[in-house]
Amino acid sequence: MSTVTAELLTVTEVMARLKLGRSTVYDLIRSRRLTSITIGRARRIPADAVRDFIDNQIEEAA
């Protein structure tokens, strides 16, 4: 997939998708378990990164 067509999510949107709190999402970003980019002062998370995180969590649980 091209990065041009990648859907970028806000931290609030990721919080809703993963049903997690703001500090937990930022902890995942800080620990590099969830990939993000910064555009100006805005933090954005590619939707693919959220799917990859979920897939990794499922694999670890198996």
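**Entry 1: A61**

I looked up A61 and found a relative accessibility of 68%, so A61 counts as exposed, the cut-off for that class being over 50%. I note that the model I am reading is a predicted one. A61 belongs to helix α3. I then took the C-alpha to C-alpha distance from A61 to V11, which is 24 Å, for a separation of 50 residues in sequence.

**Entry 2: α1 against α2**

From V11 I turned to the packing of α1 with α2. Helix α1 covers residues 11–18 and helix α2 covers residues 22–30. I read an angle of about 105° between them, with the axes 9 Å apart. Angles of 65 to 115 degrees count as roughly perpendicular, and α1 and α2 are therefore roughly perpendicular to each other. I listed the residues that make this contact: α1 contributes V11, T12, V14 and M15, and α2 contributes R22, V25 and Y26. Sorted by class, the contact of α1 with α2 has five nonpolar residues, one polar and one charged.

**Entry 3: the two faces of α2**

Which residues of α2 are buried? I found V25, L28 and I29. These residues span an arc of only 100° around the axis, and therefore lie on the same side of α2. V25 thus appears in two of my lists, as a contact residue towards α1 and as a buried residue of α2. I next asked what covers the buried residues of α2. The cover includes α1, β3 (42–46) and α3 (47–61). On the face of α2 turned away from its buried side I recorded the exposed residues S23 and R30. Just after α2, I noted that R32 has a positive phi of about 65°.

**Entry 4: the sheet**

I then traced the strands. Three strands form an open sheet in the order β1-β3-β2, and the pairing is antiparallel. β1 (8–9) and β2 (37–39) are at the edges with a single partner strand each, so one side of each has no neighbour in the sheet. I examined the pairing of β1 with β3 and found two bridges between these antiparallel strands. Within this part of the sheet, L9 is placed opposite I45 in β3.

**Entry 5: α3 over the sheet**

I closed with the helix that holds A61. How does α3 lie with respect to β1 and β3? I found α3 lying across β1 and β3, and its direction is at about 60° to β3. Both α3 and β3 are also among the elements I had entered as cover for the buried residues of α2.

Technical notes: Residues numbered from 1 in each chain as written. Predicted model: local features only at pLDDT ≥ 70, side-chain atom pairs only at ≥ 80, totals over all residues. Heavy atoms only, no water. Axes fitted to C-alpha atoms, helices over the stretch in contact; angles between N-to-C directions. Helix = DSSP H or I, 4+ residues; strand = E, 2+ residues; numbered from the N terminus. Parallel < 35°, antiparallel > 145°, perpendicular 65-115°, else oblique. Contact = heavy atoms within 4.5 Å. Nonpolar A, V, L, I, M, F, W, Y, C, P; charged D, E, K, R; others polar. Buried < 20%, exposed > 50% of the residue type's maximum accessible area, 1.4 Å probe, protein only. Arc of directions from axis to C-beta. Pairing = 2+ DSSP bridges.
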